[in-house]
Every structure is written in structure tokens, then in C-alpha cells.
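Hi everyone, thanks for coming. I'd like to walk you through one structure today, so please have a look at it before I start talking.

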Amino acid sequence: MTRARRLLLSLIVAATLAAPAARAAEPYEINTILSLTGNIAFVGQTQLKSLKAIEKMVNDNGGIHGRPLSFVVADDTSSPQTAVQLAQSLIAKGVPIILGSSSPNACGAIAPLLQQNGPLLYCLANGGVAVPGSYEFFTEMSYDELMAVTVRYFRERGLTRLATIFATDSGGQTAEKALQGALALPENKSMQIVSAQHFAPGDASVAAQMAVIKGANPNAMIAWATGGAAGNLMRGEKDIGLDVPTMTSPGNLTDAFFKAYGPVLPTDLIYPAVPYYASGAPTDDATKKAVAEMAKALEAVGAHPDMITISAWDPALVLVSALQKLGPDASAQQLRDYLLHLQGWVGGNGRYDYVANPQRGVGGNNVVMVRWDAQRNAVVAASNFGGAPLNK
């Protein structure tokens, strides 16, 4: 054998031996659809911070079976149509997981595309209803749970004359339907809707609706919208001279919202929220530890917990934990079946039980009512978990 042939053979052998190691070092990609531009870009951009924090935390601790984790993010431009196109492309590639979108409208449009064998869709918006046992999962607590806890909180405070104003988008419609379900519960027969108003998220003014609400003399209100549309509601309430305990979407539980609309916020602004905000409410040690780990990881990438970063944190992390348990070759069906039976996993939203709370893992017992304390520039607990007021 010539020297040249021996050298060539040595190179081939070396390359063959190195191939498995090279493959093992390939990133494990979780394909993700976020709204990074468009009208809810503030949601997608904030959720991206959570994913970057999880990437760093997981990779600093060995990745997924030695493979670095990578969230491969595509922008749906806050458009359900674009989200569908992105999802169709991923489904055609046979990916096992789609994480996202940031929008309940986009998730609702993607869901019918899911095949008999997946992929698993973990929506990062909590507005929506999944078929139990399906491949569709949702972040955080359902609107049904949020409204049931909110109504209990108002009722036990003696606030029974309720006014409502909901956005006419799909999120507002879902929330209003959830409220109607909560009010139909036997324990809530003392609750009364004195005025039910609606508005389009793009409306410049809600003065007419607020005038009707004020005339109905409510002692509490639900003003449901997110971002600028919610700020419009708060300004309308302030302008009409109405200042009653007001619950709004937890999507507004962010520093950016308080900075933008602080001067027009009602004195008693209330949110249904998650354990991170439960200062003053009893929290178990495992949840405290998970919340502290989340805050530390977010701080490492220049972020901090709020309702939006948290909405992406647990879904991404529970998928990572499933992959670490099942291995990076896990199929969509294996991942779905694992989640459907998962109990006892603890994340930033508390202890998960996908058997008791199908397709979400968390329910009313994970919800705590909080209020914005403008004087302290802080969010503080207003109830125990499940809605019983701390101070009636």
C-alpha cells in the first residue's frame, strides 16, 4: 500500500470515528413561532427573552443529552395567516414540536392543521380550548379558571354589582364567555351584571360606553383588553370620573403597561395572576424554588419575570424536561403522551397536574388575585390561591 493510500485510509477512519461525536454535538432545535413584529410584538419580543434565558440555563447544564438546545424562531408578524403558513412548512418537515404562537388567534388557526401523529403544538397564549387528549396544549390557566377565581374574589369582597366592557376580538369574546360560565355557577347567584359593554380594540374612544357604565352604578368592573386597547379603557374610566375596583387582563401585568398608563389607572386595579406575584399569599417551597430559579435565569439575560415572560417559561421548560426524560429522538406522540400523564412537575406557575387540568397542567388553585399598588410601585397579593380575599 502506498503512503498516499495509507494516509487517505487514515483520514477516512478518523472521519468515521468522529462522525457520531459530531452528530451528538448538533443542536436540538425546537421550532417556535412568535409575534416579533406587528400589533402584539411586545408579547413576542418579551417571550423571546424567556426562551433565550432557558437556552442559556439548559446549555450551561449539559443541554439535552449532550446536545445544545436551540429555539429556532420565526416571526408571524402578529398575523394568523402568516402563522398558518409557517406552521404548514414545519408540519411538512415532520417536526415533533411547534412552540407558539404568541397569539390565541394564530394558535386557533394552526390547531386544525395538526395531524393524527402531531406535531405537538404548545400555544404561548392562554385564550383557547383544546380537545382533551389532543396534540394542542396551552400556557397558563384557562379563561374559565381566571374568571371563576375573579368572580369568587369580587363576591367574597361583597362587590356584587358588576359592569363589564370586553374587546370584540376573539380574546375578548372568549373571556366574556368564560365570565358568563362563572356567573352561572350556583355560588355566584348573588352576582349581577348591571351593564355589559363592548368596543373594538382600534376604537379611539370608549367615552359612550363608560358613560353608560357609570350610570348603572356598579361597585366593580371587568375591563378586558390588552396593551394600548386596555390603556384606552383605563383612560376612559378616568375621564368619566369612575373609580371602582377594576379587573383587567393579566396580559397588562407588565412594567411597560404601568409606565405607559400609570396616571390613568384606577385606584384598585386587580389581576388574576400566577405564583410569582403571590407575595403575601402562602406558597409551597418547591414553587418558591422554581420561581427563584426563573428570576435568576431571566436576570442573566437582562430580563425579569412578568406575565408575558412567564407565559413562555413553563411551556418551554416542561418540553425540555420531557426531552431530557425521553431523549432527543422522542416523537410527537411520545411527548404528548408524556405530558398527558405528567403530575407533580413544578414550574414558575406552581405544581402541574395534566390529569386534573388537561392540556394545561394548571388551574384555579394556581391563580392568585393581585393588585397594583401605585404608592409602592409594586404588585401585591390580594387573595389566597383560588381567590379568597386576604382582606375582605
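Let me begin with a question: which helices each supply at least two residues of the lining of the largest pocket? Keep that in mind while I set the scene. What you're looking at is a predicted model.

Okay, the pocket. The space in the largest pocket comes to about 780 Å³. Its lining counts 37 residues, and the closest to the centre are Ile 40, Val 43, Ser 102, Pro 104 and Thr 226. Now for the helices I asked about: α2 (41–60), α4 (104–110), α5 (143–156), α6, α8 (228–239) and α11 (307–326) each give at least two residues to that lining. And what is the lining like by class? It splits into 17 nonpolar, 18 polar and 2 charged residues.

Next, the sheets. Let's take the one with 5 strands. This is an open sheet, its order is β2-β1-β3-β4-β5, and the pairing is parallel. At the edges you find β2 (69–75) and β5 (136–138); each has a single partner strand, so one side of each has no neighbour in the sheet. On average, neighbouring strands here are turned by 25 degrees against each other, if you ignore direction.

If you want to see one pairing up close, go to β1 (residues 28–34) and β3. These two strands run parallel and are joined by 3 bridges. Find Thr 32, and you'll see that its bridge partner in β3 is Leu 99. As a reminder from the textbook, strands of a sheet pair through backbone hydrogen bonds, either parallel or antiparallel.

Now add the helices that sit on this sheet. α11 packs on it and touches β1, β2, β3 and β4, with a direction at about 160 degrees to that of β3. Helix α12 (residues 332–340) packs on the sheet too, touching β3, β4 and β5, and its direction makes about 50 degrees with that of β4.

While we're on α11, look at its contact with another helix. Helix α10 (residues 285–299) packs against α11 at an angle of about 110 degrees, and their axes are 12 Å apart. That angle makes α10 roughly perpendicular to α11. Which residues make the contact? From α10 we have Met 294, Ala 297 and Leu 298, and from α11 there are Thr 309, Ile 310 and Trp 313. By class, that contact has 5 nonpolar residues, 1 polar and no charged ones.

On to the other sheet I want to show you. This open sheet has 7 strands in the order β7-β6-β8-β9-β10-β13-β14, and its pairing is mixed. The edge strands are β7 (192–199) and β14 (378–385), each pairing on one side only. Within the sheet, β9 (residues 246–247) and β10 (residues 269–273) run parallel, joined by 2 bridges. There, Met 247 stands opposite Ile 270 of β10.

Two helices lie across part of this sheet. Helix α6 (residues 170–183) lies across β6 (161–167), β7 and β8 (220–224), at about 155 degrees to β6. Helix α7 (residues 207–215) also lies across β6, β7 and β8, and runs at about 175 degrees to β7.

For an antiparallel pair, jump to β11 (residues 343–347) and β12 (residues 350–353), which are paired over 3 bridges. A hairpin of 2 residues joins β11 to β12. One of the pairs is Gln 343 with Asp 353 in β12.

Now some backbone oddities. Most residues other than glycine have a negative phi, and most peptide bonds are trans. So where do we see something else? The bond from Gly 100 to Ser 101 is cis, with omega near 5 degrees, and Ser 101 lies in the loop between β3 (97–100) and α4. The bond from Gly 118 to Pro 119 is cis as well, with omega near 5 degrees; Pro 119 lies in the loop between α4 and β4 (120–123). Then there's Asn 217, which isn't a glycine but has a positive phi of about 55 degrees. You'll find Asn 217 in the loop between α7 and β8.

Last stop: how many cavities of 30 Å³ or more does a search of the whole structure find? Just 1, with a volume of about 40 Å³. Its lining includes Asn 126, Glu 140 and Met 141, and by class it has 7 nonpolar, 1 polar and 1 charged residues.

Methods. Residues numbered from 1 in each chain as written. Predicted model: local features only at pLDDT ≥ 70, side-chain atom pairs only at ≥ 80, totals over all residues. Heavy atoms only, no water. 1 Å grid on protein atoms, 1.4 Å probe; cavity = no way out; pocket = protein on both sides within 12 Å on 5 of 7 lines; lining within 4 Å. Points joined across faces, edges and corners; volume = space filled by probe spheres on them. Nonpolar A, V, L, I, M, F, W, Y, C, P; charged D, E, K, R; others polar. Pairing = 2+ DSSP bridges. Helix = DSSP H or I, 4+ residues; strand = E, 2+ residues; numbered from the N terminus. Contact = heavy atoms within 4.5 Å. Axes fitted to C-alpha atoms, helices over the stretch in contact; angles between N-to-C directions. Parallel < 35°, antiparallel > 145°, perpendicular 65-115°, else oblique.
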